Amino acid sequence: MINISESAQAHFRKLIEREALPGLGVRLSAVHPGTPRADVRLEFAEPADLAGDEWAIDCEGFTLWLRADSVKYLDGAEIDYETRATGGQLQIRAPKIKGEAPQDSASLVERVHWIVENEINPQLAQHRGHVSVQEVTADGVVLLRFGGGCHGCGMADVTLKQGIETTLMSKVPGVTAVRDATDHDTGQAPYIPRDSAA
């Protein structure tokens, strides 16, 4: 389930021994799992801190507790500790933490949402923008609403046609068109004002 290297176990043992608290262990959990913002939280935990449904992984000299609601996202994770001349670095790799792309048999809506949240929005975030899926019609038309720096942006049409539509149509079979359902005149802080983009 989780692979903890010998060097990582030795690192945890050293830290736990320094704390000198009976039963102290390490708790691992996923934060915002299944989303592009997913991350891992690693913290010390005493038995009184536990919810009771954690999975226990016995290591040499301590227990690693895995929050039950994080199990599917942290399955296959690897924890390693690399010693360097300037100290050391703990590395946690959790390939499933952001979730798994829906299968080809999943609904068109699920597949569109996955690409929007995991590929399109992280790119738009570079310009303080995002899109949300308003609707996916029966004939494959995706209606989007722009927000943040994209709401009112003069380049929204270009982003829609050359970026978002191209991505969705190439990666999600069944998407026939992508349309903007945003009233851009109400945008408060566009990345590029509409009147300067003309």
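This section describes the strand pairing, helix packing and selected backbone features of a predicted model.

Two open sheets are considered in turn. The three-stranded sheet has the strand order β1-β6-β7 and mixed pairing. Its edge strands are β1 and β7, each of which pairs on one side only. Strand β1, formed by residues 3–4, runs parallel to strand β6, formed by residues 78–84, and two bridges join them. Along this pairing, asparagine 3 stands opposite glutamate 78, and isoleucine 4 has isoleucine 79 of β6 as its bridge partner. Isoleucine 79 is also paired with isoleucine 92 in β7. The latter strand, comprising residues 87–93, is antiparallel to β6, and seven bridges are found between the two. Together β6 and β7 form a hairpin in which two residues separate the strands. Helix α1, spanning residues 6–19, lies across β1, β6 and β7, and its direction makes an angle of about 80 degrees with β6.

The four-stranded sheet is likewise open, with the order β3-β2-β5-β4 and mixed pairing. Strands β3 (39–45) and β4 (55–59) occupy the edges; each has a single partner strand, so one side of each is left without a neighbour in the sheet. On average, and with direction ignored, neighbouring strands of this sheet are turned by 25 degrees against each other. The edge strand β4 is joined by five bridges to β5 (residues 62–66), and the two run antiparallel. Among the bridge partners are alanine 56 with tryptophan 65 of β5 and isoleucine 57 with leucine 64 of β5. Strands β4 and β5 form a hairpin with two residues between them, in which glycine 61 adopts a positive phi near 95 degrees.

Positive phi values also occur at two residues that are not glycine. Most residues other than glycine have a negative phi. Histidine 32, by contrast, has a positive phi near 50 degrees. This histidine 32 lies in the loop that connects β2 (25–31) with β3. Its relative accessibility is 36%, so histidine 32 counts as partly exposed, a class that lies between the limits of 20% and 50%. The second case is arginine 128, whose phi is positive at about 60 degrees although the residue is not a glycine. Arginine 128 is located in the loop between α3 and β8. With a relative accessibility of 56%, arginine 128 counts as exposed, because the cut-off for that class is over 50%.

Helices α3 and α4 pack against one another. The axes of α3 (residues 108–124) and α4 (residues 156–171) come within 10 Å and cross at roughly 145 degrees. The crossing is right-handed. On the α3 side, the contact involves Val112, Ile115, Val116, Glu119, Ile120 and Leu124, which meet Thr159, Ile164, Thr167, Leu168 and Lys171 of α4. By class, this contact comprises seven nonpolar, two polar and two charged residues. An α-helix has 3.6 residues a turn, so residues three or four places apart point the same way. In α3, the contact residues include Val112, Val116 and Ile120.

Helix α3 is also kinked, by about 35 degrees, with the kink centred on valine 116. Valine 116 is one of the α3 residues that meet α4, and it is buried. The full set of buried residues in α3 consists of Leu108, Arg111, Val112, Trp114, Ile115, Val116, Asn118, Ile120, Asn121 and Leu124. The elements that cover these buried residues include β8 (129–136) and β9 (141–148) in addition to α4.

A charged residue with low accessibility is found within α4 itself. Glutamate 165 is placed in this helix. Its relative accessible area is 14%, and glutamate 165 is therefore buried, the limit being under 20%. When neighbours within four places in sequence are set aside, glutamate 165 is in contact with Leu160, Ala177 and Val178.

How values were computed. Residues numbered from 1 in each chain as written. Predicted model: local features only at pLDDT ≥ 70, side-chain atom pairs only at ≥ 80, totals over all residues. Heavy atoms only, no water. Axes fitted to C-alpha atoms, helices over the stretch in contact; angles between N-to-C directions. Left-handed = near helix turned anticlockwise from the far one by under 90°. Contact = heavy atoms within 4.5 Å. Nonpolar A, V, L, I, M, F, W, Y, C, P; charged D, E, K, R; others polar. Pairing = 2+ DSSP bridges. Bend = angle between axes of the 7 residues up to and from the residue. Buried < 20%, exposed > 50% of the residue type's maximum accessible area, 1.4 Å probe, protein only.
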